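Reader: I would like to go through this model with you and ask, for each term you use, what earns it that name. Could we begin once the structure is on the screen?

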Amino acid sequence: MDRTNKTIALIIKLIFWALLIAFFVWAFANNMFSKIWEQPDTFLRLLGEHITIVLLSGAAAVLLAVPLGIFVTRPKFRKSEWLIVGIANLGQTIPSLAVLALAMGFLGIGISAAVVALFVYSLLPILQNTIAGLDSVDDNMKDAAKGMGLTNTQILWKIELPNALTSIIAGVRTALVINIGTAALAYLIGAGGLGVWIFTGIRLFDNAFLMSGAVPVTLLAILIDYLFKWLQFALVPKGLRLARKAQNS
Amino acid sequence: MIHFNDVTKVYNGNVKAIENMNFTVEDGELVIMLGPSGCGKTTLLRMVNQLESITDGDIMLNGKSVRHSNKIEMRRNIGYVIQSNGLFPNMNIEDNAMIVPNLLGWDRKKMRDRFNMLMELVGLNPDEYRKRYPHELSGGQQQRVGVARALAADPPVMLMDEPFGALDPIIRTHLQEEFLQIQKELKKTILFVSHDIDEAVKMADKIALLKGGKMMQYAEPARMLNKPANSFVAEFVGQDRVLKSMSLYTVRDLANALTLKPVIESPDSQNINENLSLRVAISKILNQEADQLIVENDNGTRKGSITLDLIEQFLHREIKESV
């Protein structure tokens, strides 16, 4: 059973890679990425804007959502969880385009409105994963730590956060990967980014513009995804990584 | 010394979990709190290191009120072992075991020496386990590390909450015996929670039997088995309490108290070592054709023989004495 599953997974993977290579061969053959070579300065500027929007909003969301997640999981403040998660939920429920439009309403056109909109949009996945990660830490473990004389701060830093880290990083990863896609919409409120080429391509029915914008966005998302996989590997304590592996095998 | 002084615990203003508890665990004593689930034994244990608050009364730990001590500092001076060992999966075995010394700011060399010494004490090779992680160890090994961790800063007092409860019977027996050896050497003041009467009889200097937050009897195991204070105690220790009490004595105890019968040569009677417990001796007599067992000392010299009559005589004498 396990073996057939592995074989199927491998076949799917091979088909996926074959399609991907076929696509790139086709795209290059038809000069689909011509804009990148023709206007390298514009490309780099748009890419820079795109990355800036994603990273600024992502960093701000991590800085707010992780401490908030820690705050609501403290027994004393547990009662505030529904309110804070509710508010974060609201940001997520509103369609991304509407969040952008609302942000533009307050901050006018430009990059700051896009950053604020994506920041609001990233809060929920990070907050929820922080809460889930901290909640999943075994109560017996915390009890043992407390009984041995660790202070609450020491329990948080030495026990809770290391054990919740996998989940927290997964939340940041999800938020950022979604944001890279959503940042393409930032063009609509005048914040630039690779969305500029994508929308130009759509309007002009020009595949070269479309591909020169869309493919780098996709690659960026994949790159961030791998980067965070590596980050997870580097930051999560070795013991936890091994334990997870042992559990899965 | 742990002294419980009129300790009372009330939940939600009216549910009494512990009522006017008064008893003392003397220095170097291992006291086991025993009772059905919900009797308050774990609550009482957790009140000592203030994981549970005390509603009324006080607990004196080496003469100091736990209610008025600095909780953090006090807990670092109490070894704490729980059933599901509570080792931290993000730390290797050495970091786990040395967590309290680390908090106390010991230097690296001192911690390493202490780790090596403790691991030898609990029967694990320090170098083999130092860099390993909790999930790589068996339940028994994890619990050994749990004990080593509790002993790390050499606390005078230890609290143990069913430390061997989650282990299979064979490993449990092993660890109980090893722990008794460790305790013989270290002479810690230990408060221990169990629900297993056999574990209590085997390990405890005194047993505190609780029911519904009240003390039913606080006595040495022999006394509790031979002279239960009330019908609840009698029922809890079991109909076979006399047989259980036999595991408290060895054949040597009997030989010292009474004169052994002369050896009658018979191919059916087995030889036994004088260090054997009387409970096992009885079982051996019942399990053979002859009426007697031949007692030998460690050198193999025959000292005489024992029979069921002799054991019965010894039993009556002991019960009379313990009353």
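Reader: What makes strand 4 of chain B and strand 5 of chain B a hairpin?

Author: In this predicted model, strand 4 (residues 56-61) and strand 5 (residues 64-65) of chain B pair in the antiparallel sense over two bridges, and two residues lie between them. Pairing asks for at least two bridges, so the two strands count as paired. In the turn, Asn62(B) has a positive phi of about 45°, while Leu61(B) stands opposite Lys64(B) of strand 5.

Reader: How do you know that strand 1 of chain B pairs with strand 4 of chain B?

Author: Strand 1 (residues 2-11) of chain B is joined to strand 4 of chain B by five bridges in the antiparallel sense, and because at least two are required, the pairing is established. One of the facing pairs is Asn5(B), which stands opposite Asp58(B) of strand 4.

Reader: Which strands are the edge strands of the open sheet of six strands in chain B, and why are they called that?

Author: The order of this open sheet is 6-7-8-3-9-10, with mixed pairing. Strand 6 (78-82) and strand 10 (214-219) of chain B are its edge strands, as each pairs on one side only. From one strand to the next, the twist averages 15°.

Reader: What makes the pairing of strand 6 and strand 7 of chain B count, and in which sense does it run?

Author: Strand 6 and strand 7 (residues 157-161) of chain B share five bridges in the parallel sense, and since two would satisfy the criterion, they count as paired. Within this pairing, Gly79(B) is placed opposite Met158(B). Helix 1 (residues 41-48) of chain B packs on the sheet, where it touches strand 3 (30-34), strand 7, strand 8 (189-194) and strand 9 (206-211). The direction of helix 1 makes about 150° with that of strand 8 of chain B.

Reader: What makes you describe the crossing of helix 3 and helix 6 of chain A as right-handed?

Author: Helix 3 (residues 40-73) and helix 6 (residues 111-135) of chain A pack at an angle of about 35°, with their axes 6 Å apart. A crossing is called right-handed if the near helix is turned clockwise from the far one by less than a right angle, and the crossing of these two helices is therefore right-handed. By class, their contact has 22 nonpolar, seven polar and two charged residues.

Reader: How do you know which residues of chain A are in contact with chain B?

Author: Two residues are in contact if their C-beta atoms, placed from the backbone, lie within 7 Å, and therefore 19 residues of chain A are counted against 20 residues of chain B. The elements giving two or more residues to that side of chain A are helix 7 (139-147), helix 8 (152-182) and helix 11 (238-248). Helix 7 of chain A gives the most, with six residues. Eleven residues on that side of chain A are nonpolar, six polar and two charged.

Reader: Why is a stretch of chain A called "ABC transmembrane type-1", and what is its helix content?

Author: The name comes from an unreviewed UniProt entry, which lists residues 47-228 of chain A as that domain, and such annotations may be inferred rather than shown by experiment. Over these residues the chain is 82% helix and 0% strand, with the end C-alpha atoms 20 Å apart.

Reader: Into which domains is chain B divided, and what distance separates their centres?

Author: Chain B has domain 1 (2-239) and domain 2 (249-322), and their centres, taken over C-alpha atoms, are separated by 35 Å.

Definitions and conventions
Residues numbered from 1 in each chain as written. Chains lettered and ligands numbered in written order. Predicted model: local features only at pLDDT ≥ 70, side-chain atom pairs only at ≥ 80, totals over all residues. Helix = DSSP H or I, 4+ residues; strand = E, 2+ residues; numbered from the N terminus. Axes fitted to C-alpha atoms, helices over the stretch in contact; angles between N-to-C directions. Domains from an automatic or database assignment. Nonpolar A, V, L, I, M, F, W, Y, C, P; charged D, E, K, R; others polar.
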